[in-house]
Amino acid sequence: MEPVRVAVVGLGYWGPNLVRNLHEHEGSEIVAVCDKREEALAKITKRYPAVRTTTRFEDVIAADDIEAIAIATPVSTHHPIACAALEAGKHVFVEKPLASSTEEALDMAMLADRNGLVLMPGHTFLYSPPVNCIRDMLRTDALGEIYFISMSRVNLGLHQPDVSVAWDLGPHDFSILRYWLDETPRYVTATSRGCVIPSIPDVAFINLEFASGTISHVELSWLAPSKLRRTTIVGSSKMLVYDDTSNEPVRVFDSGVQLKDPESFGEYKLTYRTGDIVSPHVPAAEPLLLEMGDFCEAIRFGGEPRSSREVGIEVVRMIEAVDRSLASDGARIELAAEPVPA
């Protein structure tokens, strides 16, 4: 296909990664980058001398040779920047989370609809080979009924000045759960603490209850002695551990408990099973490169990308429910089913 001509807005932590992958992918051409800081632009010029640089976002949306814009700026700026790009007729990729509120996210989706444009949130883990390996297992009921999922995403830093740890790290696990289970939780409860900066929570413990019966616990922290990216899935047939930092990221345990029918009233017997541990082959691939390819294909051929705006909106709804629970001393918050633009 003809390469999609893309500009990247925002060259902080994640922006340069977008530039690199857009440069490497055969389906895209990185045309320009935009950032307020001249020193950030100079670094891009040194590595990619053919890429235009500007400190003015207005230059980007006015350029006729730019079809799409990838936004990697603070979440509070996502809505105005994305809306300006969509109004200018540009397809838009927005780093997670999609927006700082459900209202803003829905506004962006409706604007994309009205102008016939692609709006894609950057939930990169949906393109991770281990995450998709696990999703395939769940689709075939390889683990049986899913009882619960426990997730830990902790490390030392990086503290964000404008958002809590739930807004920073939560979108990763929330999008993975939504992708795996094909449902948004019905209830959310949360507790947190701002240990370093009292007004900005840097540790959060979040419990999610799904209509299917599955429950999940998500631990998020910027304040931990080591980096941990570990998920445990317990099913009625088998159990699984996903460790994103391991050379064997997925391990399946043929372990479980069986409850036999009681022989007499009040008599129950439990049988514990500990079987083989299998590490399935997981192909190596860079998720961000796959994600950029999906964005470009959605622009060229139509269709909804895997990291759909529906997922993006649902993730924002989940984070808002976390905030409401925290504001109500850990109250159990119900997420009412709400229609999402197709």
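**Legends to the close-up views**

**View 1. Residue D182 in the loop after helix α7.** With a relative accessibility of 48%, D182 counts as partly exposed, because the class "partly exposed" lies between the limit for buried residues, under 20%, and the limit for exposed residues, over 50%. The model shown here and in the other views is a predicted one. D182 belongs to the loop between α7 and β8, a strand that covers residues 187-193. The phi angle of D182 is positive, near 55 degrees, in a residue other than glycine.

**View 2. Residue D141 in the loop after helix α6.** The loop that holds D141 runs between α6 and β7. Although D141 is not a glycine, its phi is positive, at about 55 degrees. Is D141 buried or exposed? D141 counts as exposed because its relative accessibility is 55%, and the class "exposed" begins over 50%.

**View 3. Helix α6 and the elements that cover it.** Helix α6 comprises residues 129-139 and is mostly covered, with nine of its 11 residues buried. The buried residues are P129, P130, V131, N132, C133, I134, R135, M137 and L138. Which elements cover the buried residues of α6? The cover includes the strands β7, β11, β12 (239-243) and β13 (250-260), together with the helices α7 (165-181) and α8 (287-301). After the helix comes D141, the residue of View 2, with its positive phi near 55 degrees.

**View 4. The largest cavity and its lining.** The count of cavities of 30 Å³ or more comes to one. The volume of the largest cavity is about 40 Å³. Around the largest cavity stand F125, S152, R153, D173, R229, R230, T231, Y242 and D244 as lining residues. Two elements, β7 (146-154) and β11 (228-235), each give two or more residues to this lining. Which element provides the largest share of the lining? That share, three residues, comes from β11. When the lining is sorted by class, it has five charged, two polar and two nonpolar residues.

**View 5. Two cis peptide bonds, each leading into a loop residue.** A cis peptide bond runs from K96 to P97, with omega near -15 degrees. P97 is part of the loop between strand β5 (91-95) and helix α5 (102-115). The bond that joins G157 and L158 is also cis. Its omega is about -10 degrees. Where is L158 found? L158 lies in the loop between β7 and α7.

**View 6. Residue S164 and its contacts.** S164 is found in the loop between β7 and α7. The residue has a relative accessible area of 12% and is therefore buried, since the class "buried" requires a value under 20%. Which residues does S164 touch, leaving aside those up to four places away in sequence? The contacts of S164 are I200, P201 and W222.

**View 7. Residue L259 on strand β13.** L259 has its place in strand β13. The relative accessible area of L259 is 55%, so this residue is exposed. L259 touches Y268, K269 and L270, when residues up to four places away in sequence are not counted. How many residues separate L259 from H159 in sequence? The two are 100 residues apart in sequence, and their C-alpha atoms lie 46 Å apart in space.

**View 8. The whole chain, as a setting for the other views.** The chain has 15 strands and nine helices. Its C-alpha trace spans about 80 × 45 × 40 Å along the principal axes. Why does the radius of gyration agree with that of a compact globule? A compact globule with 342 residues would have a radius of gyration near 20 Å, and the chain has 22 Å, which agrees. Of the 342 residues, 52% count as buried. The accessible surface of the chain comes to about 16200 Å². Carbon and sulfur atoms account for 51% of this surface. Among contacts in the chain with a separation of 6 or more, 66% join residues that are 24 or more positions apart.

Note on methods: Residues numbered from 1 in each chain as written. Predicted model: local features only at pLDDT ≥ 70, side-chain atom pairs only at ≥ 80, totals over all residues. Heavy atoms only, no water. 1 Å grid on protein atoms, 1.4 Å probe; cavity = no way out; pocket = protein on both sides within 12 Å on 5 of 7 lines; lining within 4 Å. Points joined across faces, edges and corners; volume = space filled by probe spheres on them. Helix = DSSP H or I, 4+ residues; strand = E, 2+ residues; numbered from the N terminus. Nonpolar A, V, L, I, M, F, W, Y, C, P; charged D, E, K, R; others polar. Rg over C-alpha atoms; globule rule 2.2 N^0.38 Å. Buried < 20%, exposed > 50% of the residue type's maximum accessible area, 1.4 Å probe, protein only. Contact = heavy atoms within 4.5 Å. Areas by Shrake-Rupley, 256 points an atom, 1.4 Å probe, with all protein chains shown as cover.
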